[in-house]
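Here is a short tour of a structure, part by part. Keep the sequence and the 3D view open as you read.

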Amino acid sequence: MEELIEKLKKEVIEQLNLEEISPDDINPDSPLFGEGLGLDSIDALELIVLLEKNYGIKIEDPKDGKKIFYSIRTMAEYITEHKK
Amino acid sequence: MNLHITSYCQIHDKKVVVNDRFIFYMENFLNFADFLKAVYKQEAISYPKFFKMDSLSKLGFLATELVLREKPIGRYCSEEVGIVLSNASASLDTDIIHNDSVKDKSHYFPSPSVFVYTLPNIVIGEICIKNKIKGENAFLVSEFFDGTLFENYVQNLFINEGTAACICGWVELLGNNYNALSMLIEREENMEKTGNQPPWNLPFTAENLNQLIIRN
């Protein structure tokens with residue numbers, strides 16, 4: 001799990017062009033949206049694309065997004081459960 | 001009504017010029033995004049959203065930031081500040097990137113953050129968000145830089161639309177060809193109040209505009 005978390009941090013930084021943030025700056029348990037990394041709605045869509053492109057996981061119900069993308073750790077847990 | 005260009009920035013041909021002063025030059029860069037990032041870093045601009053913009057928005061944003069650093073517009077109400085930009089290629093540079101991401105149906109992953117920039121007036125949106133500008137705005141697509149078009153359009157904003165200051169300029173990008181000229185236009189009476197003489201200024205006329213775009 002920790003290995004996947006570190007990999008995800010790098011992928012999120014690259015996918016979302018978080019140029020001034022390093023993987024060490026991201027607490028895996030902190031919220032990605034709101035006070036965390038301050039991501040916006042377009043970033044949420046990019047994270048959906050990231051899951052599909054890099055892990056083959058398609059989110060069928062957009063309502064699940066809030067839970068899945070709460071933090072890097074919740075993303076990693078979802079990927080572990082659903083990776084094809 | 002006498003209007004003046006009270007500050008300008010041009011980004012063109014590997015260099016950045018502000019009010020006739022060279023402030024940046026980069027001989028070699030692999031891609032245009034690297035050049036823009038180098039300008040951002042050198043000028044110590046702090047705006048993380050910059051890195052999420054497409055290159056056209058970065059170009060217009062940087063040129064305007066450097067103009068407003070010389071001549072801040074904080075003394076105007078948000079609704080009094082207009083913005084009129086123009087170019088020849090609209091958002092084609094980003095349209096091509098988006099098209100590349102959707103043309104292969106077996107590898108179909110369009111990027112939402114690229115797609116949102118497939119309109120040229122998004123450049124204006126980025127500048128307005130950063131500077132809290134809420135006045136009249138327009139993005140005009142024109143084959144060539146047309147000083148007369150700018151003069152007439154911006155004069156009309158000042159006369160009929162309650163505009164007290166206006167950012168206007170040319171923000172063109174397609175592949176390796178780029179040229180941005182951002183200017184702040186103010187009324188003569190407001191210009192004189194700013195102090196710090198002698199400020200850089202040039203009467204806002206079609207002739208001066210057509211000369212300014214080729215000056216650097």
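## The first hairpin of chain B

K14(B) sits in the loop between β1 and β2 of chain B. This is a predicted model. K14(B) is not a glycine, yet its phi is positive, at about 70°. Most residues other than glycine have a negative phi. How exposed is K14(B), with 13 other C-beta atoms within 10 Å? K14(B) is partly exposed, because buried residues need 20 or more such atoms and exposed ones have 12 or fewer.

The two strands around this loop are β1 (residues 3-12) and β2 (residues 15-18) of chain B. They pair in the antiparallel sense, over four bridges. Q10(B) stands opposite V17(B) in β2(B). Two residues lie between the strands of this hairpin, and D13(B) there has a positive phi near 55°.

## From β2 to β3

Strand β2(B) also pairs with strand β3 (residues 21-25) of chain B. The sense is antiparallel, and there are four bridges. Look again at V17(B): its bridge partner in β3(B) is F22(B). So V17(B) can be followed in two directions, to Q10(B) and to F22(B).β2(B) and β3(B) form a hairpin with two residues between them. In that turn, N19(B) has a positive phi of about 45°.

After β3 comes a loop that leads to α1 of chain B, and E27(B) lies in it. E27(B) counts as exposed, with 6 C-beta neighbours inside 10 Å. Pick out I129(B) as well. E27(B) and I129(B) are 102 residues apart in sequence and 32 Å apart in space, C-alpha to C-alpha.

## Helices packed in chain B

Start with helix α1 (residues 32-42) of chain B and its contact with α2(B). Their axes come within 10 Å and cross at roughly 30°. That angle makes α1(B) roughly parallel to α2(B). The crossing is left-handed. On the α1(B) side, the contact uses F32(B), A33(B), L36(B), V39(B) and Y40(B). On the α2(B) side, it uses S55(B), K58(B), L59(B) and L62(B). By class, the contact of α1(B) with α2(B) has seven nonpolar residues, one polar and one charged.

Helix α2 (residues 55-70) of chain B also packs against helix α5 (residues 122-131) of chain B. Here the angle is about 40°, and the axes are 9 Å apart. Are the two helices oblique or parallel? The angle makes α2(B) oblique to α5(B). The crossing of α2(B) and α5(B) is right-handed. α2(B) supplies L56(B), S57(B), G60(B), F61(B), T64(B) and L68(B) to the contact. α5(B) supplies I122(B), V123(B), E126(B), I127(B), K130(B) and N131(B). The classes in the contact of α2(B) with α5(B) are six nonpolar, four polar and two charged residues.

## A buried strand

Now find strand β6 (residues 165-174) of chain B. Nine of its 10 residues are buried, so β6(B) is largely enclosed by the rest of the structure. β6(B) pairs with β4(B) in the parallel sense, over six bridges. C166(B) in β6(B) is the bridge partner of G82(B).

β6(B) pairs with strand β7 (residues 177-187) of chain B too. This pairing is antiparallel and has 10 bridges. L174(B) stands opposite N177(B) in β7(B). The hairpin of β6(B) and β7(B) has two residues between the strands, and G175(B) takes a positive phi near 65°.

## The loop after β4

Which residue lies in the loop between β4 (81-87) and α3 (92-102) of chain B? A90(B) does. Its phi is near 45°, a positive value in a residue other than glycine. A90(B) is partly exposed, with 17 other C-beta atoms within 10 Å.

## Chain A and the interface

Move to chain A. Y70(A) is in the loop between α3 (65-68) and α4 (72-82) of that chain. Y70(A) has 18 C-beta neighbours inside 10 Å and counts as partly exposed. Y70(A) and D29(A) are 41 residues apart in sequence, but 8.4 Å apart in space, C-alpha to C-alpha. Leaving aside neighbours within four places in sequence, Y70(A) is in contact with P31(A) and L32(A).

Finally, look at where the chains meet. How many residues of chain A are in contact with chain B? Eight residues of chain A are in contact with eight residues of chain B. The chain A side of this contact has three nonpolar, one polar and four charged residues.

Methods
Residues are numbered from 1 along each chain as its sequence is written. Chains are lettered from A and ligands numbered from 1 in the order in which they are written. This is a predicted model: local features need pLDDT of at least 70, side-chain atom pairs count only at pLDDT 80 or more; totals for chains, interfaces and linings use all residues. Two residues are in contact if their C-beta atoms, placed from the backbone, lie within 7 Å. Ala, Val, Leu, Ile, Met, Phe, Trp, Tyr, Cys and Pro count as nonpolar, Asp, Glu, Lys and Arg as charged, and the others, Gly among them, as polar. Axes are lines fitted to C-alpha atoms, for helices over the stretch in contact, and angles run from 0 to 180 degrees between N-to-C directions. Angles under 35 degrees count as roughly parallel, over 145 as roughly antiparallel, 65 to 115 as roughly perpendicular and the rest as oblique. A crossing is left-handed if the near helix is turned anticlockwise from the far one by less than a right angle, and right-handed if clockwise. Two strands pair if DSSP finds at least two bridges between them.
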